[in-house]
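Open the model in your viewer and keep the sequence panel beside it. The tour goes from one selection to the next and says what is there at each stop.

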Amino acid sequence: MAALEIVATGYPSLDYIMRVRNLPAPGETGVIQADPPPGQMTPGGCAANVAVGCARLGMRAGLLMVVGDDFASSGYRAALTQAGVDLGGIHIVPGATSFTYLFFDPQGRHQTFFFPGVVTADVVLEGDEAWMRGARWGVITVGVPEHNRAVAEQFHRLGIPIVWAMKGDPFAYPQDLLERLVEIATVAVMNQAEAEALCRLFGWSEIRELLHPPLEMLFVTLGTEGSRVITSQGDSWVPAVPPDQMVDPTGAGDGYLAGLLWALTQGLSPTQAAQAGAIVASFVLEATGCQTNLPTLQPFRERYRHHFGEFR
C-alpha cells in the first residue's frame with residue numbers, strides 16, 4: 001500500500017452550527033434562526049476537516065486523534081470513511097467524542113463553545129510508525145498540548161515535514177509547545193491576529209522573523225483580503241476567491257490548508273498553493289458545515305482555472 005500523503009492530528013468535533021439573529025452580550029438573549037435546524041450535527045474538527053479536504057482532492061490522508069465510543073453511532077466514522085480518510089490512527093476510548101456549538105450572525109461573526117469530551121482522558125496519543133512512515137506531511141492542528149507535543153516529536157523523529165496550523169487558543173498552544181514548533185516546523189499557517197500574537201509573545205517586530213530553517217514558508221490568511229505568502233525569496237499576496245453564495249464561514253481556514261497541502265504535494269509554488277487554498281475555502285463558504293461542500297478535484301480545477309488560469 002502506498003504511503004499516506006498527509007497525517008493530521010488535533011481535536012475531533014461533532015459540530016452543531018446555528019445561525020443567530022444576533023450574538024448576545026452577557027445577560028442578553030440570542031435568537032436562533034431556523035436554518036440549519038438546532039441539533040443537526042455536521043462532522044468537524046480541524047484535523048478531520050483538513051484530512052477530508054485532502055481526501056476529496058484525491059490525496060491519501062490519515063487521521064491521528066482520540067474519539068469516544070460513540071464514534072460510530074454519532075455518524076462521525078461513516079462520514080470520514082465515506083470521504084476516503086484513512087482511520088488507522090484513531091484511538092477510541094470510553095466516553096463522548098468532543099462536540100462544538102457554533103453560533104454565527106449575519107455579519108459572519110461567531111461565538112464558539114467546545115466540550116472536550118474524551119480528549120481530556122489520560123491516554124498517550126501515538127501513531128503506528130509503520131502506518132505513518134513515508135508521509136509527505138504531518139499536520140499539527142489545534143488539540144491537546146500533550147498529544148500534539150508527542151505527535152510532533154514522532155513526525156520529527158520519522159523525518160516527516162511538519163505543517164503547523166496555528167490557532168489562537170492558549171490552552172492548546174502553550175508557550176513551550178509554540179517554541180518547539182518554531183524549531184521544527186517546515187510550513188506554518190495562521191491568520192493575521194495569530195501572527196500578531198506570536199510577534200508579541202516572541203518579541204518579533206514582524207512575523208517574517210519566524211522564517212528560518214527548517215521553516216521554508218509561511219502563510220498568513222487575511223479573511224476577505226486574501227492571504228500573504230512569505231518565503232526566503234520574498235513576499236507575495238493572493239486574493240481571496242469569492243463564493244458563489246455566502247452561507248457559513250466555519251471551516252474555511254481548514255479548507256484553505258487542504259488546498260494548500262494538495263498544491264505543495266503536487267510540487268507547485270507557494271503562491272500557487274495559496275491560490276489553491278483560496279479556491280477550496282470558497283467552496284466551504286457555500287454550505288453549512290466544515291466538510292459539507294469540500295470539492296472533488298474536477299470542480300476545484302475548474303474554479304482554479306477560472307480565477308487563476310492553468311497550473312504552471
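Select Ser74 first, in the loop between β4 and α2 (76-83). The model is a predicted one. Is Ser74 buried or partly exposed? Its relative accessibility is 22%, so Ser74 counts as partly exposed, given that buried means under 20%. Show its contacts: leaving out residues up to four places away in sequence, Ser74 touches Leu14 and Met41. Now add Ile279 to the selection. Ser74 and Ile279 are 205 residues apart along the chain, and their C-alpha atoms are separated by 30 Å.

**Strand β4 and Ala61**

Next, select Ala61, which lies in strand β4. Ala61 counts as buried because its relative accessibility is 2%, and the limit for buried is under 20%. Which residues does Ala61 touch, not counting those up to four places away in sequence? They are Leu4, Ile6, Ala51, Cys54, Ala55, Gly84, Val85 and Asp86. Add Glu5 and draw a distance between the C-alpha atoms: Ala61 and Glu5 are 56 residues apart along the chain, yet the separation is 5.9 Å.

**The cavity**

Stay with β4 and turn to the empty space inside the model. Rolling a probe the size of a water molecule over the atoms shows where empty space is left. The structure holds one cavity of 30 Å³ or more, and the volume of the largest cavity is about 70 Å³. To find the largest cavity, select Gly10, Tyr11, Leu125, Val144 and His147, which lie nearest its centre among the 13 residues of the lining. Then colour β4 (61-68) and α4 (145-158), each of which supplies at least two residues of that lining. The largest share, three residues, comes from β4. What classes of residue line the largest cavity? Eight are nonpolar, five are polar and none is charged.

**Helix α4 and the loop after it**

Keep α4 coloured and select Gln154, which is found in this helix. With a relative accessibility of 3%, Gln154 counts as buried. Apart from residues up to four places away in sequence, Gln154 touches Glu126, Gly127, Glu129 and Met132.

Move along the chain to Ile160, in the loop between α4 and β9 (162-165). Ile160 is buried too, with a relative accessible area of 4%. When its neighbours within four places in sequence are left aside, the contacts of Ile160 are Met132, Ala135, Trp137, Gly138 and Phe155. Met132 has already appeared among the residues that Gln154 touches. Add Arg136 as well: Ile160 and Arg136 are 24 residues apart in sequence, and their C-alpha atoms are 6.4 Å apart.

**The second largest pocket**

Now select Met166, Gly168, Pro170, Leu178 and Ala197. Of the 15 residues that line the second largest pocket, these five lie nearest its centre. About 180 Å³ of space lies in this pocket. Which helices should be coloured here, each supplying at least two residues of the lining? Choose α5 (175-184) and α6 (192-202). The largest share of the lining, five residues, comes from α6. Sorted by class, the lining has nine nonpolar, three polar and three charged residues.

**A cis peptide bond**

Follow the chain on from α6 to Pro214, in the loop between α6 and β11 (217-221). Select Pro213 along with Pro214 and look at the peptide bond that joins them: the bond is cis, with omega at about 5°. In general, most peptide bonds are trans.

**The whole chain**

Finally, clear the selection and show the protein chain as a cartoon. How many helices and strands are there to find? The chain has nine helices and 13 strands. Its radius of gyration is 18 Å, close to the 20 Å that the globule rule gives for 312 residues, so the chain is as compact as a globular protein of that length. Along the principal axes, the C-alpha atoms fill a box of roughly 50 × 45 × 45 Å.

Of the 312 residues, 53% count as buried; Ala61, Gln154 and Ile160 are among them. Switch to a surface view for the outside: the chain exposes about 13,300 Å², and carbon and sulfur atoms supply 54% of that area. Consider last the contacts between residues at least 6 apart in sequence: 68% of them join residues at least 24 apart.

Definitions and conventions
Residues are numbered from 1 along each chain as its sequence is written. This is a predicted model: local features need pLDDT of at least 70, side-chain atom pairs count only at pLDDT 80 or more; totals for chains, interfaces and linings use all residues. Side-chain values use heavy atoms; hydrogens and water are left out. On a 1 Å grid over the protein atoms alone, a cavity is a set of points where a 1.4 Å probe fits but cannot get out, and a pocket is an open set with protein on both sides within 12 Å along at least five of seven lines; lining residues have an atom within 4 Å of a point. Grid points are joined across faces, edges and corners, and a volume is the space filled by probe spheres set on the points. Helices (H or I, at least four residues) and strands (E, at least two) are DSSP runs, numbered from the N terminus. Ala, Val, Leu, Ile, Met, Phe, Trp, Tyr, Cys and Pro count as nonpolar, Asp, Glu, Lys and Arg as charged, and the others, Gly among them, as polar. The radius of gyration is taken over C-alpha atoms; the globule rule is 2.2 Å times the number of residues to the power 0.38. Buried means under 20% relative accessible area, exposed over 50%, partly exposed in between (1.4 Å probe, protein chains only). Contact means heavy atoms within 4.5 Å. Accessible areas come from the Shrake-Rupley method with a 1.4 Å probe; for residues, only the protein chains shown count as cover.
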